[in-house]
Structures are given as C-alpha cells and as structure tokens.
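Trainee: I have a structure open and would like to test the labels people put on it. Could we go through a few and ask what each one rests on?

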Amino acid sequence: SAELGGRVAALLDSEQAVEGVTAGQISAEWLPIAEPKRVGGGQLDANQDFALTVNWGVRGKNGVVMPGRGRVQSAGGDNLNIYLNERAYWANVPKAVWAYTLGGYQVLKKWLSYREAKILGRPLRLEEVQEFTNIARRIAALLALSAALDANYRACAAEAR
C-alpha cells in the first residue's frame, strides 16, 4: 500500500520528476504520448509553432478564464491529437487521458485554457510544451495503476475483516 501510495503521490506532484515517466529513460509505453509534432512533419519552430491560437481559453464575465472548444482531432483508435494552432499539435493523447478530471476539472483542457495566446500574452515556451507532454504521461501512468490500486484495496479490505 505504501509503495502504491508513494507512486500515486509522485505522479500527482508536478514538481517531482518521475523516473521513466517524465525523467531519465522514458518508458516505451509513455514515450509516444502527447508528442509535439508539426502538421506535415518537419521540425517545430518555437518562434512560430508554440502559440496556442485555437480558442482553448476565453475571458468570461469579470475577466474569468473559461475553457474554450480548442481543436481536438481523432488520431485513430483511442488516441487524439490536441492542437496548439494550425501548424502544431500534441500527437497520440489517449482519450482517457484527455477526459481525466481532478477536482471537477478536465486537467489538460483546463491547463490549456490559461495558456491561450490572447490570455497568456505570448506563445508557450519549450518548457511549457514539454510540461503538457509530462502531464499527459503522468495521467496515463496514474490510470495504468488502477488495476493495482483496486487489487490492493480488495486485499486490504479482506485483511480488515
């Protein structure tokens, strides 16, 4: 239980690097998740490709930032492509990762809403583009623990009887 709890805590702590998920040799299962790509291929250009401009965030009443529609496109199977703009996107975001909520908010969509170029006032930095990838990988790793967490709960509950 303690080991599983420690893993969950590390995955939820965005200030803590997680070996194999966000740091070091990234595990092959997480590597393709939310990979930044350029439409049509080629190298991403931080000066042109990192501005979020597809309405992820809008200012509502009294200046409150509300999530917008953004642009999400099927990548085939259970994966989505999440667009920064017309030139760049994060490839292969699992639908379950995209839909993941915490505290009543869709985590990735909420993160994007505050970083829309017209709200943030600038394009994303390379570190921020990578942070989206890291968050998506953290969520995927957390979701992958579901079966182990459920089994651990059942074992603990059985011992407590």
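Mentor: Gladly! This is a predicted model, and a good place to begin is its 4 salt bridges.

Trainee: What makes the contact of Asp49 and Arg38 a salt bridge?

Mentor: Set the distance against the cut-off. A side-chain nitrogen of Arg has to lie within 4 Å of a carboxyl oxygen of Asp. For Asp49 and Arg38 the N to O distance is 3.5 Å, so the pair meets the criterion. Asp49 sits in helix H2 (residues 46–49) and Arg38 in strand E1, so this bridge ties together parts that are 11 residues apart in sequence.

Trainee: How do you know that E4 and E5 are paired strands?

Mentor: Pairing takes at least two bridges. E4 and E5 have 4 bridges, in the antiparallel sense, so they qualify. One of the partnerships is Gln73 with Asn81 in E5. The hairpin of these strands has 2 residues between them, and Gly77 takes a positive phi near 60 degrees there.

Trainee: And what joins strand E5 to strand E6?

Mentor: Again 4 bridges, between residues 79–83 and residues 88–94, with the strands running antiparallel. Leu80, for instance, has Val93 in E6 as its bridge partner.

Trainee: Why are E1 and E4 called edge strands?

Mentor: Follow the order first: the open sheet has 4 strands, E1-E6-E5-E4, with antiparallel pairing. Strand E1 (35–38) and strand E4 (72–76) each pair on one side only, and that is what puts them at the edges. From one strand to the next, the twist averages 35 degrees.

Trainee: Which strands does helix H6 lie across?

Mentor: Helix H6 (residues 126–144) lies across E1, E5 and E6, at about 15 degrees to E6.

Trainee: H6 also turns up at the largest pocket. How many lining residues does H6 supply?

Mentor: H6 gives 5 residues, the largest share. Helix H1 (2–12) and helix H4 (107–113) also supply at least two each. The space in this pocket is about 220 Å³.

Trainee: What makes Glu131 and Arg138 count as charged in that lining?

Mentor: Both are in the lining, and Glu and Arg belong to the charged class. The full division is 9 nonpolar, 1 polar and 2 charged. Ser14 is in the lining too, and Ser falls outside the nonpolar and charged lists, so Ser14 counts as polar.

Technical notes
Residues are numbered from 1 along each chain as its sequence is written. This is a predicted model: local features need pLDDT of at least 70, side-chain atom pairs count only at pLDDT 80 or more; totals for chains, interfaces and linings use all residues. Side-chain values use heavy atoms; hydrogens and water are left out. Axes are lines fitted to C-alpha atoms, for helices over the stretch in contact, and angles run from 0 to 180 degrees between N-to-C directions. Contact means heavy atoms within 4.5 Å. On a 1 Å grid over the protein atoms alone, a cavity is a set of points where a 1.4 Å probe fits but cannot get out, and a pocket is an open set with protein on both sides within 12 Å along at least five of seven lines; lining residues have an atom within 4 Å of a point. Grid points are joined across faces, edges and corners, and a volume is the space filled by probe spheres set on the points.
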